[in-house]
Amino acid sequence: NPGALLGHWAEGRLDGLAWVSANVVPVGLDEAGVADLAARIMRQRRQCASIFGPTDQVVGLWNRLGPSWGPVRAIRSHQPLLATSTRPSELGIPIDPKVRPARLDELSAVVPAAAHMFTEEIGYPPYFGSDRGYRASIATLIRQGHTFVRTEDGEVVFKADVGSLALGCAQVQGVWVHPRLRGQGLAVPAMAAVVEQVLDSLADEVSLYVNDFNAPARATYARCGFQEVGAFTTVLL
């Protein structure tokens, strides 16, 4: 079983959820739900790669799990959760016409870009040895039309993914600009193009979360109309 979606029930009513797999993601848990989830994880003696989600829930879990789980790679204590339902074109933001859904025959070009982004963000590669499983996960996103790219001479120079889609909201992740092109004005129109296309065909709202210390990314998202609507925390183990 690669993972489990757990529900927390109170007086016969579902009042919170948690995805427990390689990562732990709490959703809508109150203090009792956080305590029960931590106790269940401890009983299973299961350690994960990360805990991420709304700040109060992640902090509550980590306060309970941290003493026995030991040192961490990093704690991203404040990651603004941003959202928009406004088209960047309505704000006068230029739209990059070269940003489009990736094609499956471009998989070998998308994988290095995705791996580079992951390694920059997390601090270690997304796979060791064979990339078969990683390629399969990237291919699934492409088949779903959830990976957007800009290419130059067959090389991916911009990439963003819709990592999850539910209840009319698409969460964007894996936003990446090739290092040699950073600071040249590519990010804003490229990200604006992603928002436009997601609003066209996938969702009524676009969300993402970003490290508070990533000033260039935060400026890009603000230009594209994103506003802060909450806060996430990530514990990387």
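## The central sheet

In this predicted model, 11 strands assemble into an open sheet of mixed pairing, with the order β1-β2-β3-β4-β11-β5-β10-β9-β8-β7-β6. The edges are held by β1 (4–10) and β6 (100–101); each has a single partner strand, so one side of each lacks a neighbour in the sheet.

At the β6 edge, the partner is β7 (residues 147–152), and the two strands pair in the antiparallel sense over two bridges. One residue of this pairing is R100, whose bridge partner in β7 is V149.

## Helices on the sheet

Helix α1 (residues 31–44) packs on the sheet, where it touches β1, β2 (13–20) and β3 (23–27). The direction of helix α1 makes about 135° with that of β1.

Helix α2 (residues 55–69) lies across β3, β4 (50–54), β5 (74–84) and β11 (227–236). Relative to β4, helix α2 runs at about 155°.

## Annotated region

An unreviewed UniProt entry lists residues 97–237 as "domain: N-acetyltransferase". Over residues 97–237, the chain is 37% helix and 31% strand, and the C-alpha atoms at the two ends are 39 Å apart.

## Overall dimensions and packing

The protein as a whole has six helices and 11 strands. Its C-alpha trace spans about 50 × 45 × 30 Å along the principal axes. The radius of gyration is 19 Å, which agrees with the value near 18 Å for a compact globule with 237 residues.

Of the 237 residues, 45% count as buried. Among contacts with a separation of 6 or more, 66% are accounted for by residues 24 or more positions apart. The accessible surface comes to about 12100 Å², and 53% of this area belongs to carbon and sulfur atoms.

Technical notes. Residues are numbered from 1 along each chain as its sequence is written. This is a predicted model: local features need pLDDT of at least 70, side-chain atom pairs count only at pLDDT 80 or more; totals for chains, interfaces and linings use all residues. Side-chain values use heavy atoms; hydrogens and water are left out. Two strands pair if DSSP finds at least two bridges between them. Helices (H or I, at least four residues) and strands (E, at least two) are DSSP runs, numbered from the N terminus. Contact means heavy atoms within 4.5 Å. Axes are lines fitted to C-alpha atoms, for helices over the stretch in contact, and angles run from 0 to 180 degrees between N-to-C directions. UniProt positions are given in the numbering used here, feature names are shortened, and annotations may be inferred rather than shown by experiment. The radius of gyration is taken over C-alpha atoms; the globule rule is 2.2 Å times the number of residues to the power 0.38. Buried means under 20% relative accessible area, exposed over 50%, partly exposed in between (1.4 Å probe, protein chains only). Accessible areas come from the Shrake-Rupley method with a 1.4 Å probe; for residues, only the protein chains shown count as cover.
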